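Subject: Handover of a structure

Hello,

I am passing this structure on to you. Please look through the sequence and the model first; my notes on what was found come after them.

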Amino acid sequence: NGSSAHGRAYREALFGNFGLVDSDDAAEFAIYLAETGKTRIGAAGITGVSAGGYNTLRTLTRHPLAFAGGVCLSGISDVKRLDESTHKLESDYVEHLVLGPGVDKGEMDRICRERSPLFDAHKTKAPLLLLHGKKDMVCPLDQAEQMADAIKEAGGDVKLIVAPDEGHGFYQPGNVKMWLEEEENWWRKTLL
């Protein structure tokens, strides 16, 4: 959202609303596509990387029938654990994203849990592909592993692919190629 060219107020509208307005926006767009005849309901896919991966997970748990499938790379499933484990550069970023103006910091744990897709993984209906780097220091691998385990435990369709030599996001040519091939196969499975 920082490069959207809509200005500071637009970018900061997410502050306090992380996992709410962004998730609703994605689902509303998918519904709009169906209502205007551009797709069938539930025939769109959702994908994202890092915070976009969080939006993918959050949207699939909050709006389980809006999408036919999802692909998440280096995504966040547990907001509180991200806040505890992320590097110092973003150390109070999560606080800005989940605590609205005037909200007591004592509410942080409760709000983080409410906004964490991990604790609503059982609500996921759409098949989900998770890709994650084993060396990810921004959003550790256990974020993806625990999400995959929770979806499997609930009987959902999930696949986790771990790139052993990659960090946050995929940048090495072989991993980027693998990601694109896996994502194409996932969309063939879920959208076609």
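Two strands count as paired if DSSP finds at least two bridges between them. On that basis, in this predicted model, L130 has L160 in β4 as its bridge partner. The parallel pairing of β3 and β4 extends over six bridges.

The sheet

These two strands belong to an open sheet of four strands, ordered β1-β2-β3-β4, with parallel pairing. The edges are taken by β1 (45-49) and β4 (158-163); each has a single partner strand, so one side of each is left without a neighbour in the sheet. From one strand to the next, the twist averages 10 degrees. On the other side of β3, strand β2 (residues 69-73) runs parallel to β3 and is joined to it by four bridges. There, V71 stands opposite L129 of β3. Helix α3 lies across β1, β2 and β3, and runs at about 145 degrees to β1.

Strand β3

How many of the residues of β3 are buried? Six of its six residues are, so the strand is mostly covered, with buried meaning under 20% relative accessible area. The cover is on both faces: L128, L130 and H132 are buried on one side, and L129, L131 and G133 on the other.

H132 lies in this strand and, at 1% relative accessibility, counts as buried. Leaving aside neighbours within four places in sequence, the contacts of H132 include L73, S74 and G75, also C139, P140, L141 and A144, and further I161, V162, A163 and F170.

The nonpolar cores

The largest nonpolar core has 19 residues, of which F67, L128, L130 and M147 touch the most other members. At least two residues of this core come from each of α2, α3 (51-62), β3 (128-133) and α7 (142-153). Not counting residues up to four places away in sequence, M147 touches L57, T61, S77, P117, L118, A121 and L130. There is also a second, separate core of 14 residues, with L14, V79, V94 and V98 among them.

Aromatic rings

The model holds three aromatic pairs. In one of them, F29 and Y32 have ring centres 6.3 Å apart and planes at 25 degrees, so the pair is stacked. F29 and Y32 are three residues apart in helix α2 (residues 21-35), which separates them by about one helical turn. F29 counts as partly exposed at 49% relative accessibility, and Y32 counts as partly exposed at 43%.

Is the pair of F170 and W179 stacked or edge-to-face? Their ring centres are 6.2 Å apart and their planes are at 85 degrees, so the pair is edge-to-face. F170, listed above as a contact of H132, counts as buried at 4% relative accessibility. W179 also counts as buried, at 17% relative accessibility.

One ring has a charge over it: the charged end of R113 sits over the ring of F119, 3.8 Å from its centre.

Where to start

If you want a place to begin, L130 appears in several of these notes. L130 is buried in β3, is the bridge partner of L160, and is one of the residues that touch the most other members of the largest nonpolar core. M147, which is in contact with L130, is another of those core residues.

Regards

Conventions
Residues numbered from 1 in each chain as written. Predicted model: local features only at pLDDT ≥ 70, side-chain atom pairs only at ≥ 80, totals over all residues. Heavy atoms only, no water. Phe/Tyr/Trp six-rings, centres within 6.5 Å; stacked < 30°, edge-to-face > 60°. Buried < 20%, exposed > 50% of the residue type's maximum accessible area, 1.4 Å probe, protein only. Lys NZ or Arg CZ within 6 Å of the ring centre and 35° of its normal. Core = buried A, V, L, I, M, F, W, Y, C linked by side-chain atoms within 4.5 Å. Contact = heavy atoms within 4.5 Å. Axes fitted to C-alpha atoms, helices over the stretch in contact; angles between N-to-C directions.
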